[in-house]
Each structure stands twice: as C-alpha cells, then as structure tokens.
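Please examine the sequence and the model displayed below. The questions that follow take up the strands first and the core afterwards.

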Amino acid sequence: GEAVVPVANCDVKEYNSNPKEQLRFREFVEYWREYIRNGYRSSRGCLYLKDWHLSRSELVPGARGAFPGQDVYTTPVYFSSDWLNEYWDAVAVDDYRFVYMGPKG
C-alpha cells in the first residue's frame, strides 16, 4: 500500500492529456472505494491509476524498488515476443510494463 503511483484525473484535460498526481497506492484504493460508494462521483473527479511501472515501483519518492526480489511481472503468453522490454532490460534504463486500473466511467 505504500508504493507511489501515478494517478490521472480523467475529468480534466490539459493540452489533450489528463494531469497526473502521485499518490500512495493505499490512498488510491481508498479513493476508488469511496468513489463507488458515492455512486461513481467524487469532488476529486474520476481518478485513474495510469502508467504505473509496478516492476520498478518506489515506496517513497526517491527510493527505488518497492518489491525487491519479487517477480511482479510476467509477459502474457500472447505477447511472449516482448522485444521492447528485451531492449530496455538490456540497457537497464526503462521498461514498457505498465499497470492501469480505476473505476468505470
């Protein structure tokens, strides 16, 4: 619950994109539950966890690896030719392993 995650506000557009903020995963889940309880409404808008690099997640800003030694990502069999990540794994700079989740709407 302490991993820091990127959260987009889907009710706001800035330059054809949604602004993002950083929240602890626990805070995002609390928001999501409240959003559902309130009939899919919130004064904060519709927030969506977007582009979370779970496999290289941070517990707090500046600290790397919230899940050390844990294999938190497996390429689905239908995408087993994972050539983008093969390259990024080799140069150890970035990756294309994202998590997306949020309420309907």
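**Strands and core**

Q: Which residue in strand 3 stands opposite asparagine 9?
A: Strand 3 places leucine 47 opposite asparagine 9. This is a predicted model, in which local features need pLDDT of at least 70 and side-chain atom pairs count only at pLDDT 80 or more, while totals for chains, interfaces and linings use all residues. Residues are numbered from 1 along each chain as its sequence is written, and side-chain values use heavy atoms, with hydrogens and water left out. The residue asked for is leucine 47.

Q: What pattern does the chain follow along the sequence?
A: The chain contains 2 helices and 4 strands. Helices (H or I, at least four residues) and strands (E, at least two) are DSSP runs numbered from the N terminus. Read along the sequence, their pattern is β-β-α-β-α-β.

Q: Over how many bridges do strand 1 and strand 2 pair?
A: Two strands pair if DSSP finds at least two bridges between them. Strand 2 covers residues 20-24, and leucine 23 in strand 2 is the bridge partner of valine 5. Strand 1 and strand 2 pair in the antiparallel sense, and the number of bridges is 5.

Q: Which residue of strand 4 stands opposite tryptophan 52?
A: Strand 3 also pairs with strand 1, in the antiparallel sense over 3 bridges, and there valine 7 stands opposite leucine 49. Strand 3 is joined to strand 4 (residues 99-101) by 2 bridges, and these two strands run antiparallel. Opposite tryptophan 52 in strand 4 stands valine 99.

Q: Why is strand 1 largely enclosed by the rest of the structure?
A: Val4, Pro6 and Ala8 point one way from strand 1, whereas Val5, Val7 and Asn9 point the other way. In a regular strand the side chains alternate between the two faces of the sheet. Buried means under 20% relative accessible area (1.4 Å probe, protein chains only). Strand 1 is largely enclosed because, of its 6 residues, the number buried is 6.

Q: Which residues touch the most other members of the largest nonpolar core?
A: A nonpolar core is a set of buried Ala, Val, Leu, Ile, Met, Phe, Trp, Tyr and Cys residues joined through side-chain atoms within 4.5 Å. The largest has 13 residues, and strand 1 (4-9), helix 1 (25-37) and strand 3 (47-52) each supply at least two of them. Those touching the most other members are Val7, Phe28, Leu49 and Trp52.

Note on methods. Buried < 20%, exposed > 50% of the residue type's maximum accessible area, 1.4 Å probe, protein only.
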